[in-house]
Amino acid sequence: MSDSPNANSKWSKYKVEDDKLVRGEFCPNPRCGPGIFLAVHVDRKSCGKCGYTLLNDGKEAHKNF
Ligand SMILES: [Zn+2]
């Protein structure tokens with residue numbers, strides 16, 4: 001086992017770091033909860049479940065709760 005170089009380990013490491021970046025803020029809607037993370041866009045973050053949107057200047061949009 002130890003004599004086989006594992007080239008894939010490098011990629012899985014990057015994957016973990018990618019995952020960390022994506023999991024930034026979660027949706028403040030109590031119906032979504034900490035399990036639902038906001039999708040990051042260039043100018044805003046948004047929830048794919050309830051539509052909640054947090055603009056980069058701090059304004060909230062599509063807040064249905
Ligand atoms: Zn939500």
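Helices (at least four residues) and strands (at least two) are DSSP runs, numbered here from the N terminus. With that in hand, here are the close-ups of this predicted model.

**View 1. Aspartate 57 in its loop.** Let us start with the loop that links β3 (53-55) to β4 (60-61), where aspartate 57 lies. Is this residue buried or exposed? Aspartate 57 counts as exposed because it has 7 C-beta neighbours inside 10 Å, and the cut-off for exposed is 12 or fewer. Look also for arginine 44: its C-alpha is 8.5 Å from that of aspartate 57, although the two residues are 13 apart in sequence.

**View 2. The β3 and β4 pair.** The two strands on either side of that loop run antiparallel and are joined by two bridges. Which residue of β4 is the bridge partner of threonine 53? The partner is alanine 61.

**View 3. The sheet and its edges.** Stepping back a little, we find four strands in an open sheet, ordered β1-β2-β3-β4, with antiparallel pairing. β1 (39-40) and β4 each have a single partner strand and stand at the edges, so one side of each is left without a neighbour in the sheet. As a reminder, strands of a sheet pair through backbone hydrogen bonds, either parallel or antiparallel.

**View 4. Histidine 62 after the last strand.** Follow the chain into the segment after β4 to meet histidine 62. Its phi is near 55°, a positive value in a residue other than glycine. Most residues other than glycine have a negative phi. Histidine 62 has 11 C-beta neighbours inside 10 Å and therefore counts as exposed.

**View 5. The whole chain, for orientation.** One helix and four strands make up the secondary structure of the protein chain, and along the sequence they follow the pattern α-β-β-β-β. Of the 65 residues, 6% are buried. Among contacts with a separation of 6 or more, 7% come from residues 24 or more positions apart.

**View 6. Helix α1 and the confidence of the model.** How does confidence vary along the chain, and where is it lowest? Helix α1 (residues 8-22) has the lowest confidence, with a mean pLDDT of 53, whereas β4 has the highest, at 96. Over residues 19-23 the pLDDT is below 50, and this stretch has two contacts in the model beyond near neighbours in sequence. The protein chain as a whole averages a pLDDT of 79, with 63% of the residues scoring at least 70.

Methods:
Residues are numbered from 1 along each chain as its sequence is written. This is a predicted model: local features need pLDDT of at least 70, side-chain atom pairs count only at pLDDT 80 or more; totals for chains, interfaces and linings use all residues. A residue is buried if 20 or more other C-beta atoms lie within 10 Å of its own, exposed if 12 or fewer, and partly exposed in between; C-beta atoms are placed from the backbone. Two strands pair if DSSP finds at least two bridges between them. pLDDT is the predictor's confidence in each residue, from 0 to 100.
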